[in-house]
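Here are a few exercises to help you find your way around a new structure. Grab a viewer, try each task yourself, and then read the worked solution.

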Amino acid sequence: MILDLKGELTMEPIVGLLYSMVDGNYRRLKSIVGGMSQRELDYKGPKQNYNSIAQLLRHLALVDLNWVFRIKGEIMPLNLENKYGPILDEDNRLPQFDGIPLDVLLKEYDDVMDMIKTLCQQLTDLQLTRIIEYENGNQATIQWGIWHIADHSRYHQAHINQLRKWFNES
C-alpha cells in the first residue's frame, strides 16, 4: 500500500492537500471509535476525571464547526450553537455528554465535515493566506486554520487511544 496526500479533484491544489489532511484524520478518527460501546464512549478514565470519548468527539465537531464560520467570516447560527453546545461549561471544562449514541455523534460530525468540504471546494489557493480572526485577539491565515483542524483531531486521537487502553485494562 502506498500512502500519499492527494488533493481533491474538485478543489484547487493547495486547498485540496490541506483538505485531504483533514479528511484523512477524520477517517482515522472514525476507524478508532468504530463499533465502540456506549459504556466505553462515556468512560472517563480510571478515576473518572478525564474527558470521555463522547465529550472529545463533540468538542472536535464544535471546534471544526467554529472554524467553518470563522473562515467564512460569519457568526455561527444560533441553532447550530445550541445543537453542538458550548465550547466550555461554567467550570471552564468540556461539557458533559453522557448517553449520546456513537451513531448520533458521528452523524453530527459528518455534517460538519460536509460543511468543511463544501467550504474548501469554494476556496481558492490565493485565499489561503487571507488573515482571519482567531481567538484571544490572535489572528491566523485560512491555511493555518485548515491545518489546525487536522492537527487538533490528531491531538485528541491520542487522548481517545489512551482512554481505550485504560478501558480495556479495567
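Before starting, keep in mind that this is a predicted model.

**Exercise 1. Work out whether Val112 is buried or exposed, and find what surrounds it.**

Step 1. Start with accessibility: Val112 has a relative accessibility of 0%, so it counts as buried. The cut-off for that label is under 20%.

Step 2. Now place the residue: Val112 sits in helix H5.

Step 3. Look for contacts, skipping neighbours within four places in sequence. That leaves Ala61, Asp64, Leu65 and Tyr84 touching Val112.

Step 4. Compare sequence with space. Leu60 is 52 residues away from Val112 along the chain, and their C-alpha atoms are 9.8 Å apart.

**Exercise 2. Describe helix H5: its span, its buried residues and what they pack against.**

Step 1. Count and span: H5 is made of 21 residues, and from first C-alpha to last it reaches 30 Å. That's close to the 30 Å expected at 1.5 Å a residue.

Step 2. List the buried residues of H5: Leu102, Leu105, Leu106, Glu108, Tyr109, Val112, Met113, Ile116, Leu119 and Cys120.

Step 3. Ask where they point. They cover an arc of only 160 degrees around the axis, so they fall on the same side of H5.

Step 4. Turn to the other side of H5, where Asp103 and Gln122 are exposed.

Step 5. Find the partners: the buried residues of H5 pack against H1, helix H2 (38–41), H3, helix H4 (78–84) and H6.

**Exercise 3. Find out how many cavities of 30 Å³ or more the structure holds, and describe the largest one.**

Step 1. The count is two cavities of 30 Å³ or more.

Step 2. The largest has a volume of about 50 Å³.

Step 3. Select its lining: Gln55, Arg58, His59, Leu62, Tyr84, Pro86, Ile87, Leu94, Pro95 and Phe97.

Step 4. Sort that lining by element and by class. Helix H3 (residues 53–72) gives the largest share, four residues. By class, seven of the lining residues are nonpolar, two are polar and one is charged.

**Exercise 4. Do the same for the second largest cavity: volume, lining and elements.**

Step 1. This cavity holds about 40 Å³ of space.

Step 2. Its lining is made up of Val22, Asn25, Tyr26, Asp64, Tyr109, Met113, Ile149, Ala150 and Ser153.

Step 3. Which elements give two or more residues to this lining? They are helix H1 (13–33), helix H5 (102–122) and helix H6 (142–169).

Step 4. Tally the classes: six nonpolar, two polar and one charged.

Step 5. Link back to Exercise 2: Tyr109 and Met113 are on the list of buried H5 residues, and both names also appear in the lining of this cavity.

**Exercise 5. Locate Asn92 and Asn136, and check the phi angle and exposure of each.**

Step 1. Take Asn92 to begin with. Its phi is near 65 degrees, which is a positive value in a residue other than glycine.

Step 2. Find its place: Asn92 is in the loop between H4 and H5. With a relative accessible area of 59%, Asn92 is exposed.

Step 3. Move on to Asn136, a residue other than glycine that also has a positive phi, near 55 degrees.

Step 4. Asn136 belongs to the loop between strand S1 (131–133) and strand S2 (139–141). Its relative accessibility is 73%, so Asn136 counts as exposed.

Definitions and conventions
Residues numbered from 1 in each chain as written. Predicted model: local features only at pLDDT ≥ 70, side-chain atom pairs only at ≥ 80, totals over all residues. Heavy atoms only, no water. 1 Å grid on protein atoms, 1.4 Å probe; cavity = no way out; pocket = protein on both sides within 12 Å on 5 of 7 lines; lining within 4 Å. Points joined across faces, edges and corners; volume = space filled by probe spheres on them. Nonpolar A, V, L, I, M, F, W, Y, C, P; charged D, E, K, R; others polar. Expected span 1.5 Å × (residues − 1). Buried < 20%, exposed > 50% of the residue type's maximum accessible area, 1.4 Å probe, protein only. Arc of directions from axis to C-beta. Contact = heavy atoms within 4.5 Å.
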